[in-house]
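Please open the structure in a viewer and keep the selection panel at hand. The tour below proceeds from the whole chain to individual residues.

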Amino acid sequence: MNMSIFLPSLPAMTDYFGTDYAVMQLSVSLYLATTAVMQLFIGPLSDRIGRRPVVLGALAIFMLATLGCLLAPSVEIFLAFRMLQGVVAVGLVLSRAVVRDMYPQNEAASRIGYVTMGMSLVPMFAPMIGGTLEELFGWQSIFVFLLVCGGLAGWLAWADQGETATSTGTTMSQQLREYPHLLASPRFWGYALASAFASGAFFAFLGGAPYAADRIFGLSPFWTGVSFGAPAIGYTIGNFISGRFSAHLGINPLILWGTVISTIGLGLSLLLGFAGIHSAVVFFSITTTLGLGNGMVIPNATAGLLSVRPKLAGTASGLGGAIMIGGGAALSVLAGHLLEGAPTAMPLQWLMFVSSALSLACMLFVLRRERQLWLAK
């Protein structure tokens, strides 16, 4: 929610702070970059001291950062507190690690699919909530809402989250020294990059779609929020498929089909653009295929990278998340720059298609590597 709820308000916030859209769009890309760096340490830290205390501490910091965003007098101060809000990514990283703590690979993929299916409802509704709050009370009300949500999440974690980490007790330096074991694994890289490029197409969408909706398609904040629900609908369906079939079919077939679906859908979007069809309905409706593919790719690729070294689930989750979010931050910035001044959304459509195609290539590499390992036995 923290990543997407205020996206329909980016144009209004740009005017409020008297800055350029590219500067205001840094509230997306810098946030993603911060979460990428944090994830390098979140995993090892949680393997060291446990999942529960890391989650509780992160939510407390998030609430303070949200208050800073709400009261910021300038865009520079806003962006600084916005980066600090990135600490809430602890929840995304450690929720996956907690699931992997409790279940074997294929069942973990199924459980992660169900968990992320619930998560996918948030980006479906969050932009609509944000757009409605802005129209009724102004963009600042969005951060009041986030502050309340952070408090509720903190209370829930305090009351209900148990400790699942079994490898606590090793030092932080020992945990960080395990990174080379993961980095030396071609399968880890294949799964991590497949997930990174698949989600990268979505992060490019997050970086460019607010500009496209407002400046190219002329949508109101409310309808911008509604349009942002299109990929979330697909993501919900994709996560349901993962939850239902991962344990029976295995993770690799679902990742492969997910990358194929996204690439074909975004390729169709490009072809329609070349044919001169540039409507908001067509552009946003086709992003449903991006969400569908990502819902099949991300939970299964996550389970795959966590299972390369099961004893390093927290470390693998953090490193894999850093690769995914870091790449997403770069693509988000690139999308904002490519679209500024563009008469159509074609630059964004190109960027999303290329990222999805690279995800497909990475998954084909994983399948080739697993065949090599099977033949070697």
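How much area does the protein expose, and what share of it do carbon and sulfur atoms supply? The model, which is predicted, exposes about 15,000 Å², and 72% of this area is supplied by carbon and sulfur atoms.

**The whole chain**

Begin with a cartoon representation of the entire protein. It displays 17 helices and zero strands. Colouring by burial marks 53% of the 377 residues as buried. If a contact map is at hand, consider the contacts with a separation of 6 or more: 87% of them join residues 24 or more positions apart.

**Helix α1**

Select residues 10-17, which form helix α1. Its buried residues are Leu 10, Pro 11, Met 13, Thr 14 and Phe 17. These residues lie on the same side of α1, because the arc they cover around the axis is only 165°. Next, display what covers them: the cover includes α2 (21-24), α3 (26-49), α5 (75-85), α8 (140-160) and α11 (186-216). Then move just past the end of α1 to Gly 18, where phi is positive, at about 60°.

**Ala 157 in helix α8**

One of the covering helices, α8, also holds the next stop, Ala 157. Ala 157 counts as buried because its relative accessibility is 9%, under the 20% limit. With neighbours within four places in sequence left aside, the contacts of Ala 157 are Arg 52, Val 55, Leu 56 and Leu 59. Draw a distance between the C-alpha atoms of Ala 157 and Leu 59: the two are 9.1 Å apart in space, although 98 residues apart in sequence.

**Thr 224 in helix α12**

Select residues 221-227, helix α12, and centre the view on Thr 224. Is Thr 224 buried or exposed? Thr 224 has a relative accessible area of 4% and is therefore buried. Beyond residues up to four places away in sequence, Thr 224 touches Pro 8, Ala 213 and Leu 219. A further distance to display runs from Thr 224 to Met 128: their C-alpha atoms are separated by 7.6 Å, with the two positions 96 residues apart along the chain counted as their spacing.

**Helix α14: Asn 252 and Phe 274**

Proceed to helix α14, residues 251-274. Asn 252 has its place in this helix and is buried, with a relative accessible area of 11%. Show its surroundings: apart from residues up to four places away in sequence, Asn 252 touches Tyr 191, Met 363, Val 366, Leu 367 and Glu 370.

Phe 274 also lies in α14. Phe 274 counts as exposed, because its relative accessibility of 55% is over the 50% limit.

**The nonpolar patch**

Switch to a surface representation and select Leu 271, Phe 274, Trp 350, Val 354 and Leu 358, which together make a nonpolar patch of about 500 Å². Which helices each supply at least two residues of the patch? They are α14 (251-274) and α17 (346-376). The largest share, three residues, comes from α17.

**Cysteines**

Finally, select Cys 69 and Cys 362. Cys 69 is buried, at 0% relative accessibility. Cys 362 is likewise buried, with a relative accessible area of 13%. How many disulfides does a search of the whole structure find? The search returns zero.

Note on methods: Residues are numbered from 1 along each chain as its sequence is written. This is a predicted model: local features need pLDDT of at least 70, side-chain atom pairs count only at pLDDT 80 or more; totals for chains, interfaces and linings use all residues. Side-chain values use heavy atoms; hydrogens and water are left out. Helices (H or I, at least four residues) and strands (E, at least two) are DSSP runs, numbered from the N terminus. Buried means under 20% relative accessible area, exposed over 50%, partly exposed in between (1.4 Å probe, protein chains only). Contact means heavy atoms within 4.5 Å. Patches are made of residues with over 30% relative accessible area and no salt bridge: like charges are joined within 9 Å, nonpolar side chains (Val, Leu, Ile, Met, Phe, Trp, Tyr) within 5 Å. Accessible areas come from the Shrake-Rupley method with a 1.4 Å probe; for residues, only the protein chains shown count as cover. A salt bridge is a side-chain nitrogen of Lys or Arg within 4 Å of a carboxyl oxygen of Asp or Glu. The arc is that of the directions from the helix axis to the C-beta atoms. A disulfide is a pair of cysteine sulfur atoms within 2.5 Å.
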